[in-house]
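Please look at the sequence and the structure below, and keep both in view while reading. The paragraphs after them are meant to be followed slowly, with each named part found in turn.

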Amino acid sequence: METIQAPGHATHEVRNQSQPLEDFNVFTSDTVLREAVSREGGDFAVERIEAVGAAGGSAEAIRWGFEAEGNRPELKTHDRFGHRIDEVEFHPSYHQLMKLHVEGATHALPWREPEPGAHVARAAAFMCVSAADAGTGCPISMTYSVIPALRKQPELAEEWEPRFTSLEYDGRLVPAAEKPGALCGMAMTEKQGGSDVRANTTTAEPVNGGGPGAEYEITGHKWFCSAPMCDAFLVLAQTESGASCFLLPRFTPDGERNRMHLQRLKDKLGNRSNASSEVEFRGAWARMVGEGGRGVPTIIEMVNHTRLDCALGSASGMRRGLEQAIWHASHRSAFGKELIEQPLMQNVLSDLAIESEAATISSLWLARQFDQAHAGDEQSALRRRLATPVLKYWICKRAPWHAVEALECLGGNGYVEESGMPRLFRESPLMSIWEGSGNVQALDVLRAMVKSPEAVEAFFAEVEEAFGSDNRLDAFAEATRRELGDLEQIESRARRVVERMALALQASLLVRYGDEAVADAFCATRLEGDWGNAFGTLPAGTDCSRIIERHRPLL
Ligand SMILES: Cc1cc2nc3c(=O)[nH]c(=O)nc-3n(C[C@H](O)[C@H](O)[C@H](O)COP(=O)(O)OP(=O)(O)OC[C@H]3O[C@@H](n4cnc5c(N)ncnc54)[C@H](O)[C@@H]3O)c2cc1C
């Protein structure tokens, strides 16, 4: 307790305020995440995840997060003599966070060490650094995700993969060959079309005949190109054979700056530590990746992985909000009792905990499908095909509602920047927009159902693994299948169907692997509808104390 004292005039004592939640291990303090890593095969890397978890929750990294967000990146298009330089300057804390990511292999672990469970371990480590800052997750996720697309062009993969998977971070803008490690971005979206990339007008002209791996010159623009200080980008551009994919480095082979001109940086709602630019390519040098005219299927290899990261990033955001809410409620009293003892606050915290547990368990399960699909398991590849857009859609959709309610648990303090909650809130809608917005995810599920009906079978076989344990799940999943079988106005019903699929999958995983009280309340509310329209409307009889204890950060 501290007394506030002007000379001779003590005004009040500071009491009943919370403490900062920092200098804790965001991995070991999270029971649900630890259990999920172990269950899904990530145990081999647990010591490394613990190290990243300690760094991600350190007071220093949390400070870096605030500084990187508060001191926005600045674009320098020209030097003082008028030469184009197209550089973005970041606050030193941004570079510290990038170093934390890269040294923790959050961009590369499964490609460096393709062990069973490597995507799971990497997913957990990625979530741990995201605790300190979300914006740096963007270039990290793109660098992790580019590898499967790049491998479509083996000689390019041979040259670039060692750079993209290096554990040394070097933020300088110099030719990649002169750096110990490099990062990759992605540029698809144009002014006239983002979701509909067929509308792209950027063109690529062959330099020496063209074809897979050959040199091209790219002319056109991109309306969104995040992390423009990356060393190379996968870019979509039109050729004679249609939309094609290219690897476009910041420097040409003769060491000149490539003709990729940064026009301006976006003034964004959130994700401010990350720079998102508008660019023009004026005959920029690039090499084709994969076959001409097959650009979308090639770059989709990358996008599938970034979609996994959207689910992970949203799950991480929910955990951050929840741990802050539980922490605050444990340190603040009102009306004679700690908030955490107040029955209605217990209901709110438990409801937030249920959503967080469902998001963490299902996104780590999804990471395991990536592991197994990369190892050649066909059923996992089918499960992944449908579960990626289903979970990307639903987990990201839940994030803003979760963030706003977690923020309110801190009362007025939650609305103040220093708490970190406004940042969490500003960040929360983004995951649902990029890498395919909500409707695009829902329509992708329909597309997958038509093109590979066996993916539907694999998806529901997974859900049915829990059949017999909870009648509410059995009935809900069967009704969902019936909804799916009804093709009447299916496009307009796509969100509804996909939401139900996500809930069925999350319920099945919770019933098998989650806490009993959490699974029971999830089925009662999300499946049976014994619930209101806001968080904190769990039915009477829910074991809130048990749910909160399970989610309380273990310090
Ligand atoms: C901060 C930020 C960073 C980004 N960074 C990058 C980047 O690095 N590289 C990159 O390539 N892109 C990037 N993007 C772009 C992002 O991927 C697109 O904004 C997104 O894919 C949506 O495209 P759009 O903005 O053109 O919207 P549109 O495609 O015009 O969509 C507008 C709305 O219509 C919906 N919609 C679209 N088609 C249909 C349909 N058939 N039926 C029903 N609804 C439909 C969409 O779901 C969306 O809600 C970034 C975006 C943001 C906000």
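What follows is a walk through some helix pairs and two single residues.

The model is predicted, so local features need pLDDT of at least 70 and side-chain atom pairs count only at pLDDT 80 or more, while totals for chains, interfaces and linings use all residues. Residues are numbered from 1 along each chain as its sequence is written, and side-chain values use heavy atoms, with hydrogens and water left out.

A good place to begin is with helix α7 (residues 137-150) and helix α8 (residues 154-164), whose axes come within 10 Å and cross at roughly 160°. Helices here are DSSP runs of H or I with at least four residues, strands are runs of E with at least two, and both are numbered from the N terminus. An axis is a line fitted to C-alpha atoms, for helices over the stretch in contact, and the angle between N-to-C directions runs from 0 to 180 degrees. The two helices α7 and α8 are therefore roughly antiparallel, a word used for angles over 145 degrees, whereas those under 35 count as roughly parallel, 65 to 115 as roughly perpendicular and the rest as oblique. In this pair, Thr143, Val146, Ile147 and Leu150 of α7 meet Pro154, Leu156, Ala157, Trp160, Glu161 and Phe164 of α8. Sorted by class, this contact has 8 nonpolar, 1 polar and 1 charged residues, where Ala, Val, Leu, Ile, Met, Phe, Trp, Tyr, Cys and Pro count as nonpolar, Asp, Glu, Lys and Arg as charged, and the others, Gly among them, as polar.

Which residues of α8 are buried? They are Leu156, Ala157, Trp160, Glu161, Arg163 and Phe164, buried meaning under 20% relative accessible area, exposed over 50%, and partly exposed in between, with a 1.4 Å probe and protein chains only. These residues cover an arc of only 155° around the axis, which puts them on the same side of α8; the arc is taken from the directions from the helix axis to the C-beta atoms. On the other side of α8, Pro154 and Glu158 are exposed. Among the elements that cover the buried residues are α7, β8 (232-239) and β11 (276-289).

Farther along the sequence, helix α11 (residues 378-409) packs with helix α15 (residues 453-464) at an angle of about 85°, their axes being 8 Å apart. The helices α11 and α15 are therefore roughly perpendicular to each other. Their contact includes Leu382 and Leu386 of α11 and Val456 and Phe459 of α15, and by class it has 8 nonpolar, 1 polar and 3 charged residues.

A third pair is formed by helix α17 (residues 494-513) and helix α18 (residues 516-527), which pack at about 160° with axes 9 Å apart. That angle makes α17 roughly antiparallel to α18. The residues in this contact include Leu503 and Leu510 of α17 and Phe522 and Arg526 of α18, and the contact as a whole divides into 9 nonpolar, 1 polar and 1 charged.

Finally, turn to two single residues. Ser316 is found in helix α9 (residues 295-331) and is buried, with a relative accessible area of 1%. Thr360 belongs to helix α10 (residues 343-374) and, at 2% relative accessibility, also counts as buried. Although Thr360 and Ser316 are 44 residues apart in sequence, they are 7.6 Å apart in space, C-alpha to C-alpha. Leaving aside neighbours within four places in sequence, Ser316 is in contact with Met127, Ser130 and Ala131, contact meaning heavy atoms within 4.5 Å. Thr360, not counting residues up to four places away, touches Val32, Leu33, Met127 and Ala315.
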